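Here is a short report on a protein with its ligand. It starts at the ligand site and then moves to individual residues.

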Amino acid sequence: MELKLITPHYCKLGFADVDRMLRIEEQVYTHPWSRGNFADSLSSGYEAYGFRNVELDLFAYFVVMPILDELHLLNFAVDLSYQGQGYAKLLMGKLFAYTNEQAYSSILLEVRRSNVRAISVYEGAGFAAIGVRKGYYPAHDNQREDAIVMRRTR
Ligand SMILES: CC(C)(COP(=O)(O)OP(=O)(O)OC[C@H]1O[C@@H](n2cnc3c(N)ncnc32)[C@H](O)[C@@H]1OP(=O)(O)O)[C@@H](O)C(=O)NCCC(=O)NCCS
C-alpha cells in the first residue's frame, strides 16, 4: 500500500482540535461522537493524538482512556479522503509506541460487528477478539448492534 506524498505531523490533541475531529466524525461514522463526548473525554484527562498534514490540518486521530494498567481505545478514525493509504496502520504504530512508553500491559477496544474494515485493521495490528457485548451500540431504526471486544497485549 502506497502512502500519499506527505509526511504527517504526529501530535497531541486538545480542545482546539474538537471542531476538526467533529467534522471527521460526521464523515466516517453512522453514530458520530458529539462535541460533549470529546469535551468530556479531554476534561477527564483522556488523551488524544493525531496526524496533521503539511497545512497542519488534522486528518486522523485516536482517543485513549487508561484503566489501571490497561489502555482503552475509545476512538480511532481517519478522514475519508485519507483512507485506504496506510494511515490507520501508521497511527496504530504510534498508539503502540505510546502504550510501550507508558508501560500499559494491553490495549482494549470495542468495534461494531459490521465494521469489517476496522476489524481487519485491528486484526492486522495484532488485536484478537476476546468477547461480545450484545446490543452495545445504537443502530438504525432503533435497533442495537453487538460490539466485538478486542485486546492486544504488549
Ligand atoms: C477503519 C479506518 C480507521 C481504517 O483507516 P485507513 O487509513 O483506511 O486504513 P489503512 O489504509 O491503514 O488500511 C489498513 C488495512 O485495512 C485494509 N482495508 C482497507 N479497506 C478495507 C475494507 N473495505 N475491508 C477490509 N479491509 C480493508 C487495507 O487493505 C489495509 O490492510 P493492508 O495494508 O494489509 O492491505 C477508517 O476506515 C476509518 O476511519 N473508519 C471510520 C471510523 C472507524 O470505524 N473507526 C474504528 C472504530 S472502532
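## The ligand site

The ligand takes up the space of the largest pocket. The model is a predicted one. Four elements each give two or more residues to the shell around the ligand: strand 4 (70-78), helix 3 (87-101), strand 5 (106-112) and helix 4 (116-124). Helix 4 supplies the largest share of that shell, with five residues.

How many residues surround the ligand? There are 21, and the closest are F76, G84, G86, N115 and R117. By type, the shell residues divide into 12 nonpolar, six polar and three charged.

Three polar approaches to the ligand can be listed by residue. Y29 uses a polar side-chain atom, which lies 3.2 Å from a ligand nitrogen. Q83 also uses its side chain: an N or O atom there is 3.1 Å from a ligand oxygen. G84 uses its backbone, with an N or O atom 2.7 Å from an oxygen atom of the ligand. On its own, the ligand has 960 Å² of accessible area, and the protein covers 74% of this.

## The loop between strand 4 and helix 3

Q85 sits in the loop between strand 4 and helix 3. Is Q85 buried or exposed? Its relative accessible area is 14%, under the 20% cut-off, so Q85 counts as buried. The side chain of Q85 reaches two backbone oxygens. The backbone oxygen of Y82 is 3.3 Å from the Q85 side chain. The backbone oxygen of Q83 also lies 3.3 Å from a polar atom of that side chain. Q83 thus appears twice in this report: its side chain has an atom 3.1 Å from a ligand oxygen, and its backbone oxygen faces the side chain of Q85 at 3.3 Å.

## Residues in the helices and strand 4

H72 belongs to strand 4. With a relative accessible area of 9%, H72 is buried because this value is under 20%. What joins the side chains of H72 and E110? A polar contact of 3.1 Å does.

T99 is part of helix 3. Its relative accessible area is 4%, so T99 is buried by the 20% cut-off. T99 and L71 are 28 residues apart along the chain, yet their C-alpha atoms are separated by 7.4 Å.

Y122 is in helix 4, the element with the largest share of the ligand shell. Y122 is buried too, with a relative accessible area of 7%. In sequence, 30 residues separate Y122 from R152; in space, their C-alpha atoms are 8.9 Å apart.

## A partly exposed loop residue

G45 lies in the loop between helix 2 (35-43) and strand 2 (47-52). The relative accessible area of G45 is 46%. Partly exposed covers values between 20% and 50%, so G45 falls in that class. G45 and V64 are 19 residues apart along the chain, and 9.5 Å separates their C-alpha atoms.

## Exposure side by side

The table sets out the residues discussed above.

| Residue | Relative accessible area | Class |
|---|---|---|
| G45 | 46% | partly exposed |
| Q85 | 14% | buried |
| H72 | 9% | buried |
| Y122 | 7% | buried |
| T99 | 4% | buried |

How values were computed: Residues are numbered from 1 along each chain as its sequence is written. This is a predicted model: local features need pLDDT of at least 70, side-chain atom pairs count only at pLDDT 80 or more; totals for chains, interfaces and linings use all residues. Side-chain values use heavy atoms; hydrogens and water are left out. A residue is near a molecule or strand if one of its heavy atoms lies within 4 Å of it. A polar contact is a pair of N or O atoms within 3.5 Å; within protein, one must be able to donate a hydrogen and the other to accept it, and residues adjacent in sequence count only if both atoms are side-chain atoms. Accessible areas come from the Shrake-Rupley method with a 1.4 Å probe; for residues, only the protein chains shown count as cover. On a 1 Å grid over the protein atoms alone, a cavity is a set of points where a 1.4 Å probe fits but cannot get out, and a pocket is an open set with protein on both sides within 12 Å along at least five of seven lines; lining residues have an atom within 4 Å of a point. A molecule sits in a cavity or pocket if more than half of its atoms lie within 2 Å of its grid points. Ala, Val, Leu, Ile, Met, Phe, Trp, Tyr, Cys and Pro count as nonpolar, Asp, Glu, Lys and Arg as charged, and the others, Gly among them, as polar. Buried means under 20% relative accessible area, exposed over 50%, partly exposed in between (1.4 Å probe, protein chains only).
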